[in-house]
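Hi everyone, thanks for coming. I'd like to take you through a structure I've been looking at, so please pull it up on your screens and stop me whenever you like.

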Amino acid sequence: MRYLTIAIGFALIIMSPETLRPQAAVDTLLSVGANATVEVENMIGDITISTWDRNAVRVQATGAADVHFDSEDSEVSVEAEMVPDGEGRATDFTLTIPVDANVEVHTIEGRISIEGTTGRIDAQSVKGLIRVNGGRNTIDVGSVEGGIEISGARGRVEAHSVNEFVSLTDVVGDIEATTVNGPVTLERCDTQNLEASSVNGAIVFRGPIHSDGWYSIDTHNGTIDITIPRSANATISAFTYNGEFEADFPVTVTEAEPGKATTITLGSGDAQIELETFNGAILLKRSDR
Amino acid sequence: MSEHPTERLSAYIDGDLAAAERTSVEHHLETCADCQRVLADLRGIVVRARALEDHPPENDLWTGIEEQLDDRSIVVPLETHRARRRLSFTLPQMAAAAVALIVLSVSAAWWARSGTERGANGGPPVAAVRPDSATPTQPASLDCETALGCIGTYDTYDTAVVDFEELLAMYRDRLDPETVATVEANLAAIDQAIEEIVKAIDADPESTQLYNYHSSARQRRLDVMRQAASIIRTTT
């Protein structure tokens, strides 16, 4: 009887709708020219993109959707089209692309991971973490319910979430990092133009301050924690309505009337730093570097 | 003395400031000779601009010109000319229109896309979208052929907000409920923040910092709406 039960169970697993439909497996190599653009449109499933030194795009996909290709010399587009009985099931993509290719990736639900490309990056999702490692050009990343992680990028970075965190590490270049409900963390970010904002979340910035730089950081319900080098020359305008302003080093406050920003001048005061929070504290720290 | 509200004086003359802002500007003007001068200059410009009306040429002069014209059809009636000249925007209106255009451009693209791609099977093949929903109709307030043509209807922040909410309401059934709830919750969070700022301004109408902060918060709401419009385009 026990063997019969096992046999029936095994048969049920094999015959379940999930397994009756074969998982589509795609592995295709497409030739492209230099500086090509690779577009990927998915609905549900992860997208993982890495690079190689070949003028070709390798597309590997597994999942329930039909995968369509459109390839020209300067453009490759890959699209997952959901089949009638595949609704709600994922299709995962793994692409290997030329190192100088531009990337445009859109998915509704799934993680996006992009590594190593020197071309433009445009990655958008509704749900799912977006992770970019590297990048040497414009990086435009956005999600509603997904967090954003960018590291090692050199170029202009725009990272926008709505309901999740935004984290940038070791980024060099202009930065725009915003969310509504989540923290914004900028670690070792070397930028001359920074705009970082949240509504319900703390904002952390650690990085050098350039004399001709402009740095704007604001949150409504969160702490602003900023660490700048001891040698920074900057004029800091710090405004908090219901919070405290703290500095871990002696500062000379030139203006601190109610309803107005506290202004602090460091060195020659060249760079402009604007810090605003309504219900949070502002913590100003100095590092030795 | 608070900071000079120079950038808001034009809006003050046009009557475009909210009550609290207007009061704040007026308080400042009572004691600031510099801003009084700027205000007087601006009013002078407005008066001079209004004085630049079109006057029909003297009949005898017009007759001479008329005789030299080969094609009278190029003559634009004076009323038409005046009507064209009235189509002008202040800088804040243009800024608001620009933001609205972004939202509208995305929405227009999405409408165009939805019209061509949905086809006979009735719904997009997207798991995050309910396939059984009826195709919504375009909002009456957006009844224009192109996004560009809608600019004139979007001259205020409030209009953009109302129209976006109308858009979201119509497509609610087609979108993933969780995503809609997330967008709405985050817009509500921004609204709450704006409300807190407005209360703070009421308590401290002299604070230009709060006005700037208020402006930033509204801009953020527009940005989130823009992002949400993009999602609608992607998922329907």
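Let me start with a definition: a disulfide here is a pair of cysteine sulfur atoms within 2.5 Å. With that cut-off, the count over all chains is 0 disulfides. And please keep in mind as we go that this is a predicted model.

While we're on cysteines, let me point out one in each chain. A:C189 has a relative accessible area of 0%, so it counts as buried. B:C32 comes out at 2%, and it is therefore buried too.

Now for the two chains, beginning with chain A. What is its secondary structure made of? It has 27 strands along with 2 helices. The chain has 289 residues, and 50% of them are buried. If you take the contacts in chain A with a separation of 6 or more, 44% are between residues 24 or more positions apart. The exposed surface of chain A is about 12600 Å², with 48% of that supplied by carbon and sulfur atoms.

Chain B, please. Here we have 9 helices and 0 strands, so if you read the elements from the N terminus you simply get α-α-α-α-α-α-α-α-α. Chain B has 236 residues, of which 36% are buried. For its contacts between residues at least 6 apart in sequence, 71% join residues at least 24 apart. Chain B exposes about 13700 Å², and the carbon and sulfur share of that is 54%.

Here's one pair in chain B to look at with the helices in view. B:I13 sits in helix α1, which covers residues 6-14. Is B:I13 buried or partly exposed? Its relative accessibility is 23%, so it counts as partly exposed. B:L39 is 26 residues away from B:I13 along the chain, and their C-alpha atoms are 8.1 Å apart.

Let's move to where the chains meet. The size of an interface is often given as the accessible area lost when the parts come together. For chain A and chain B, that buried area is about 2700 Å², 59% of it on carbon and sulfur atoms. In terms of residues, 36 from chain A are in contact with 30 from chain B.

How many salt bridges cross this interface? The rule finds 3. It also finds 10 residue pairs in polar contact across the interface, counting pairs with both residues at pLDDT 80 or more. Which strands does chain A bring to this? Strands β10 (121-127), β12 (139-143), β14 (157-161), β20 (209-219) and β26 (271-277) each supply at least two residues of the side that touches chain B.

Two of those bridges are worth zooming in on. In one, A:D218 pairs with B:R220, and the closest N and O atoms are 2.2 Å apart. In another, the side chains of A:K127 and B:D176 meet at 2.6 Å, N to O. That pair runs from strand β10 of chain A, where A:K127 lies, to B:D176 in the loop between α7 (157-171) and α8 (177-203) of chain B. Both A:K127 and B:D176 are buried.

Finally, some salt bridges inside the chains. The total over all chains is 17 by this rule. One of them joins A:D27 and A:R58, with an N to O distance of 2.7 Å. A:D27 is in strand β1 (residues 24-31) and A:R58 in strand β4 (residues 56-63), so this bridge ties together parts 31 residues apart in sequence. How accessible are the two partners? A:D27 has 48% relative accessibility, so it is partly exposed, and A:R58, at 29%, is also partly exposed.

Over in chain B, B:D191 and B:R221 form a salt bridge at 2.6 Å, N to O. B:D191 belongs to helix α8 and B:R221 to helix α9 (residues 208-235), so the pair ties together parts that are 30 residues apart in sequence. The two partners fall in separate classes: B:D191 is partly exposed at 30%, whereas B:R221 is buried at 2%.

And before I take questions, one more group back in chain A: A:E187, A:R206, A:D225 and A:K285 are linked in a network of salt bridges. Thanks, everyone, and over to you!

Definitions and conventions. Residues are numbered from 1 along each chain as its sequence is written. Chains are lettered from A and ligands numbered from 1 in the order in which they are written. This is a predicted model: local features need pLDDT of at least 70, side-chain atom pairs count only at pLDDT 80 or more; totals for chains, interfaces and linings use all residues. Side-chain values use heavy atoms; hydrogens and water are left out. Helices (H or I, at least four residues) and strands (E, at least two) are DSSP runs, numbered from the N terminus. Buried means under 20% relative accessible area, exposed over 50%, partly exposed in between (1.4 Å probe, protein chains only). Contact means heavy atoms within 4.5 Å. Accessible areas come from the Shrake-Rupley method with a 1.4 Å probe; for residues, only the protein chains shown count as cover. Buried area is the accessible area (1.4 Å probe) that two parts lose on being put together, summed over both. A salt bridge is a side-chain nitrogen of Lys or Arg within 4 Å of a carboxyl oxygen of Asp or Glu. A polar contact is a pair of N or O atoms within 3.5 Å; within protein, one must be able to donate a hydrogen and the other to accept it, and residues adjacent in sequence count only if both atoms are side-chain atoms.
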